[in-house]
Amino acid sequence: MTKNLVIVESPTKSKTIEKFLGKNYTVRASMGHLRDLPKSQFGVDLEHDFTPKYINIRGKGPLIKELRTLAKKADKIFLATDPDREGEAIAWHLGYILGVDPAKKCRIAFHEITSQAVKAAFKQPQAIDMDRVDAQQTRRIMDRIVGYKLSPLLWRKVGKGLSAGRVQSVAVKIICDRQAEIDKFEAVEYWSAAVTLKDKIKNTKFTADVIKKNKEKIVIHNEKEAGEIAKELSRSNYEVLNVSVKERVRKPLPPLTTSYLQQEAVKKLNFTTKKAMMVAQQLYEGVNVGGKAGTVGLITYMRTDSVHLAASALDEIRSYIKNEHGEKYLPSKPNVYSSKKNAQEAHEAIRPTSINRTPASVAKYLTKDQLRLYGLIWHRTVASQMTSAISEITVLTIGGGPFELRASGSVVKFDGFMSLLDKKDFADEKTKKVPYLEKGTPLDIVKVESPLQHFTEPPPYFTEATLVKELEDKGIGRPSTYSPIIQTILARGYIAKESKKLMPTDLGIVTN
């Protein structure tokens with residue numbers, strides 16, 4: 001029987017998918033793009049509707065020859081490249097090389113590499129989406145126009161071999177602007193004062209911070225002023241002016257998008273954005289988990305800006321929460337999150353392909369880095385569908401002579417989704433008890449705490465995590481480009497990384 005030819009982007013994925021589809025399918029990898037704009041010339045006809053000139057990429061000749069040979073023998077050709085704009089464009093280029101009509105049902109897209117998802121996708125082949133292809137081509141042409149117009153300017157003014165780009169130039173500017181803010185920053189000294197008190201009835205001790213003097217916000221400029229205020233505090237009589245008790249509801253965080261995955265992996269796992277995406281790609285493309293399952297994709301597609309979860313996934317997650325954590329941790333209906341306003345919403349959020357594959361159950365099949373990232377994704381996904389956490393906040397407003405003081409405490413009444421996540425994520429939820437005291441309750445002074453010296457701080461340097469957040473907040477680039485942008489400006493010497501701080505080099509400042 002004549003085989004069907006299926007072309008994907010990566011060889012790891014090709015092996016996994018070939019196993020799912022069986023002997024009537026030959027699966028090969030294109031290894032990314034096979035055609036692109038030429039490196040040695042501009043390649044865009046500005047006078048004729050910005051028409052791009054594509055050529056086969058140097059070094060890809062043997063692979064193109066092999067794919068053409070297989071295509072001639074195949075009964076049907078399916079283009080199963082990644083389910084994003086880049087993947088759509090690669091499929092279109094492949095169609096051109098292999099003589100496949102883009103209007104025919106040749107395009108296969110799936111968001112997770114599991115047997116069920118892949119087989120379901122092959123039952124519904126589509127035509128190539130030319131709107132998505134054109135979107136990718138437009139971005140590529142814009143990159144070329146900006147890069148080829150700006151780079152020669154750098155060669156003339158700064159040095160040969162430099163390059164500028166549509167997005168990387170903006171990223172360098174953001175880092176240079178932050179450095180300028182830090183350089184011109186002048187620290188201002190200030191002090192804080194506090195008193196430890198106890199109530200005369202329950203004898204409970206607690207600390208209150210001084211916030212006002214003579215009904216105006218207190219500002220203590222230096223040690224001398226702090227000392228004078230400490231003396232006044234020691235001579236004052238204290239009583240409760242007001243008490244408030246309220247509940248604070250803390251809602252769970254949404255499941256991960258590409259941007260948040262990169263930010264969390266940098267902050268919590270000490271990964272670079274490049275490493276986060278590389279390990280996520282491995283989890284997506286497939287890992288051998290033994291038994292009947294064999295090699296299977298452990299997470300859904302990792303390039304997404306959607307926080308949506310499929311109905312089937314929600315059912316599985318809710319069932320897991322009910323069985324493992326109990327009814328009180330399960331909301332009456334699924335939690336729904338809204339995406340950022342410019343989100344493409346093409347896919348789901350990043351989630352495990354099966355929530356029943358817990359990190360503990362797959363630990364022996366994964367590398368240390370794969371397990372840590374999978375654990376991050378798994379825990380965040382489950383937590384997103386759990387109940388909110390509830391804390392009780394008690395705030396005492398205290399009067400003492402001309403001063404107004406405040407003591408606040410927080411006690412977690414119900415941990416909800418927080419029970420599943422790292423407690424370090426909720427440092428602000430530390431239990432700090434303040435007694436409930438009626439208005440007018442007199443208080444004894446235990447001691448005046450030593451005044452503390454502080455200095456205002458400059459804005460922080462960007463890290464990879466905070467730069468990704470800034471790019472996303474300003475609508476610069478797409479989630480899939482954040483990591484390559486950072487790697488490019490590091491590799492070209494426009495910025496340097498010290499510890500986790502990103503700072504501009506002299507070259508970066510001149511280029512900017």
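**Close-up 1. Helix α4 gives the second largest pocket the largest share of its lining, five residues.** Welcome to this predicted model; our tour starts at a pocket. Its volume is about 520 Å³, and 24 residues line the second largest pocket. To find the middle, look for E112, T114, Q116, A117 and R351, which lie nearest the centre of this pocket. Which elements each supply at least two residues of the lining? They are α4 (115-122), β14 (295-296) and α10 (311-325). Sorted by class, the lining of this pocket has ten nonpolar, nine polar and five charged residues.

**Close-up 2. Helix α10, met above at the pocket lining, also packs against helix α12 (residues 368-383).** The axes of α10 and α12 are 10 Å apart, and the packing angle is about 85°. Angles of 65 to 115 degrees count as roughly perpendicular, so α10 and α12 are roughly perpendicular to each other. Which residues meet here? From α10 come I317, Y320 and I321, and from α12 come W378, T381 and V382. This contact of α10 with α12 has five nonpolar residues, one polar residue and no charged residues.

**Close-up 3. Helix α3 (residues 85-98) crosses helix α5 (residues 130-157) at roughly 100°.** Here the axes of α3 and α5 come within 8 Å. The crossing angle makes α3 and α5 roughly perpendicular to each other. On the α3 side, find R85, E86, E88, A89 and W92; they meet M130, R132, V133, A135, Q136, Q137 and R139 in α5. How many residues of each class take part in the contact of α3 with α5? There are five nonpolar, two polar and five charged residues.

**Close-up 4. Helix α8 (residues 258-269) packs with helix α13 (residues 464-473) at an angle of about 160°.** The axes of α8 and α13 are 8 Å apart. Are these two helices roughly parallel or roughly antiparallel? Angles over 145 degrees count as roughly antiparallel, so α8 is roughly antiparallel to α13. The crossing of α8 past α13 is left-handed. Try tracing the contact yourself: S259, Q262, Q263, V266 and K267 belong to α8, and they meet E464, A465, V468, K469 and E472 of α13. By class, the contact of α8 with α13 has three nonpolar, three polar and four charged residues.

Methods:
Residues numbered from 1 in each chain as written. Predicted model: local features only at pLDDT ≥ 70, side-chain atom pairs only at ≥ 80, totals over all residues. Heavy atoms only, no water. 1 Å grid on protein atoms, 1.4 Å probe; cavity = no way out; pocket = protein on both sides within 12 Å on 5 of 7 lines; lining within 4 Å. Points joined across faces, edges and corners; volume = space filled by probe spheres on them. Helix = DSSP H or I, 4+ residues; strand = E, 2+ residues; numbered from the N terminus. Nonpolar A, V, L, I, M, F, W, Y, C, P; charged D, E, K, R; others polar. Axes fitted to C-alpha atoms, helices over the stretch in contact; angles between N-to-C directions. Parallel < 35°, antiparallel > 145°, perpendicular 65-115°, else oblique. Left-handed = near helix turned anticlockwise from the far one by under 90°. Contact = heavy atoms within 4.5 Å.
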